[in-house]
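Welcome! Here is a short briefing to help you find your way around this chain. Take a look at the sequence and the model, then read on.

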Amino acid sequence: LRANNMMAWKGCILLVTLFCLGVVSARSFDLPYDPKAILALAASQLQREIAANKNNTYPTCTSPSGNDGMMTWTNTGASSWTSGFYPGLLWAMYNYSIYDPSLFKNKLDVDFDWKTAAQNSTKGITSQENNTGTHDVGFMVFYSFGHGYEITKDPDYLKVILKTAESLATRFNPIVGCIRSWPGYHFPVIVDNMLNLELLFWAAEAGGNKTFYDMAVSHADKTRINHIRKAGNTWHLVDYDPDTGAILSVCNCPQGLNQVNATWGRGQAWAVYGFTIAYRYTKLSRFLDTAILTADWWLDNIPADYVPYWDFAAPHNQARDTSAAAVVASALVELAGYVGGSKGAAYLKAGLATIASLAGPDYIASPAKTEGILLHGTGTWPTSCVDVSIIYGDYYFIEAVLKTVWGA
């Protein structure tokens, strides 16, 4: 295979692992969806955004535009926590166009310069390497410069990644043992932060400060102990005393229902994938155990079509969240290879079923109605990006599809 970036690793090597562990076989690994049709749709929708995006801004979620009800992207600047997902998608399209140019030759009118589009979009995020004011620089920089570096080996990209890891590390409190998530509270840590640890893990292996690894392990351990409930579901936020490290409060708020029996859908998804990634880099069994615990809770509580409501305790007349389903789909396909055996096979089956559901008529976009790829994502109920296309949902959906395509 010619693919050579992180998605290739998550795909090519992952599928080899699945075969070696006996999780899948050539006969059983039939995909219950058409990956080329999904990728062709993604390519077409992204080309629309590239053509319309003249100011090098970053799509976040869609909203109605004009009287025809067309859902068009609302764009933000580079400092938005979602800025990295769009260039990440462009790098994915570029990488796949190398791997399978026939897709783009057959489905599109002309060859498209995905590399230049990805480079231009990535360049706009350079300023965030010095951003010490948010934990989300992992999303912002690693998903843009990180993917770009793995494909191009551009040394300037590596410099940005390592500098960004230094910026993120300034938010680590050794007494608490965590990276601070937000301003306010005392020392708030949200479960979302698990996904930003990949920047530290990767940077420690790529020439950065070796203490980055220790910080990431410490943060994951604290999250494992204090965010994960006994049954395997999660709290969204734990607030610590920055001077003693003591827990001051825990809650499913502010993005989940503020009830003790509630579990925010995407928060659970962040935990499943976050601990899968932590195990990928560390091979520490306690992180694999936590990934399994949170994945099992997800699968035990998910609706029949694998797409959760925005909160697992939300009334069923409220919004779903396809972005959470996409995150878990990508996690399950990878987790299957680490677990192996019949349980790994079950994870793979659930991951593929989730992708198939997202690719079905209830959730896949119609280009005549929206500029996104997935429908029915929910950012923050009920105030922001509710029941719309969301860029990170699109990103993780395509990532999940690509994990099952490389080598298939």
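Is D387 buried, partly exposed or exposed? D387 is partly exposed, because its relative accessible area is 39%, which lies between the 20% and 50% limits. Please keep in mind that this is a predicted model. The chain has 408 residues, of which 62% count as buried, and its secondary structure comes to 14 helices and 9 strands.

**The chain as a whole**

- About 15,000 Å² of the chain is exposed, and carbon and sulfur atoms supply 53% of that area.
- If you take the contacts between residues at least 6 apart in sequence, 68% of them join residues at least 24 apart.

**Nonpolar cores**

- The largest nonpolar core has 122 residues, and the members that touch the most others are L195, Y396, F397 and I398.
- Helix α12, covering residues 322–339, gives the most to this core, with 12 residues.
- Y396 is a good place to start looking: beyond its neighbours within four places in sequence, it is in contact with F85, F139, Y143, L195, W270, Y273, A326, V327 and S330.
- Another core lies apart from this one; it has 6 residues, including F187, V189, V238 and Y240.

**Strands and sheets**

- Three strands make an open sheet in the order β5-β6-β7, and their pairing is antiparallel.
- β5 (188–190) and β7 (247–251) stand at the edges with a single partner strand each, so each has one side without a neighbour in the sheet.
- On average, neighbouring strands of this sheet are turned by 20 degrees against each other, direction ignored.
- Between β5 and β6 (residues 237–240) there are 3 bridges, with the two strands running antiparallel; I190 has L237 in β6 as its bridge partner.
- Elsewhere, β1 (residues 58–65) and β2 (residues 70–76) also run antiparallel and are joined by 7 bridges.
- In that pair, S63 stands opposite T72 in β2.
- The hairpin of β1 and β2 has 4 residues between the strands, and G66 takes a positive phi near 80 degrees there.

**Two helices to look at**

- Helix α13 (residues 341–358) has 18 residues and spans 26 Å from its first C-alpha to its last, close to the 26 Å expected at 1.5 Å a residue.
- Buried residues in α13 include G344, Y347, L348, A350, G351 and L352.
- T164 is found in helix α7, which covers residues 155–169.
- T164 is buried, with a relative accessible area of 0%, and its contacts, not counting residues up to four places away in sequence, are Q128, E129, V137, V141 and L199.

**Backbone details worth a look**

- The peptide bond from C253 to P254 is cis, with omega near 0 degrees; P254 is found in the loop between β7 and α10 (265–282).
- A cis peptide bond also runs from W381 to P382, where omega is near -5 degrees; P382 has its place in the loop between β8 (377–380) and β9 (384–388).
- Y185 is not a glycine, although its phi is positive at about 55 degrees.
- You will find Y185 in the loop between β4 (178–179) and β5, partly exposed with a relative accessible area of 45%.
- D387, from the opening question, lies in strand β9 and has a phi near 60 degrees, a positive value in a residue other than glycine.

Notes
Residues are numbered from 1 along each chain as its sequence is written. This is a predicted model: local features need pLDDT of at least 70, side-chain atom pairs count only at pLDDT 80 or more; totals for chains, interfaces and linings use all residues. Side-chain values use heavy atoms; hydrogens and water are left out. Buried means under 20% relative accessible area, exposed over 50%, partly exposed in between (1.4 Å probe, protein chains only). Contact means heavy atoms within 4.5 Å. Accessible areas come from the Shrake-Rupley method with a 1.4 Å probe; for residues, only the protein chains shown count as cover. A nonpolar core is a set of buried Ala, Val, Leu, Ile, Met, Phe, Trp, Tyr and Cys residues joined through side-chain atoms within 4.5 Å. Two strands pair if DSSP finds at least two bridges between them. Axes are lines fitted to C-alpha atoms, for helices over the stretch in contact, and angles run from 0 to 180 degrees between N-to-C directions. The expected span of a helix is 1.5 Å times one less than its number of residues.
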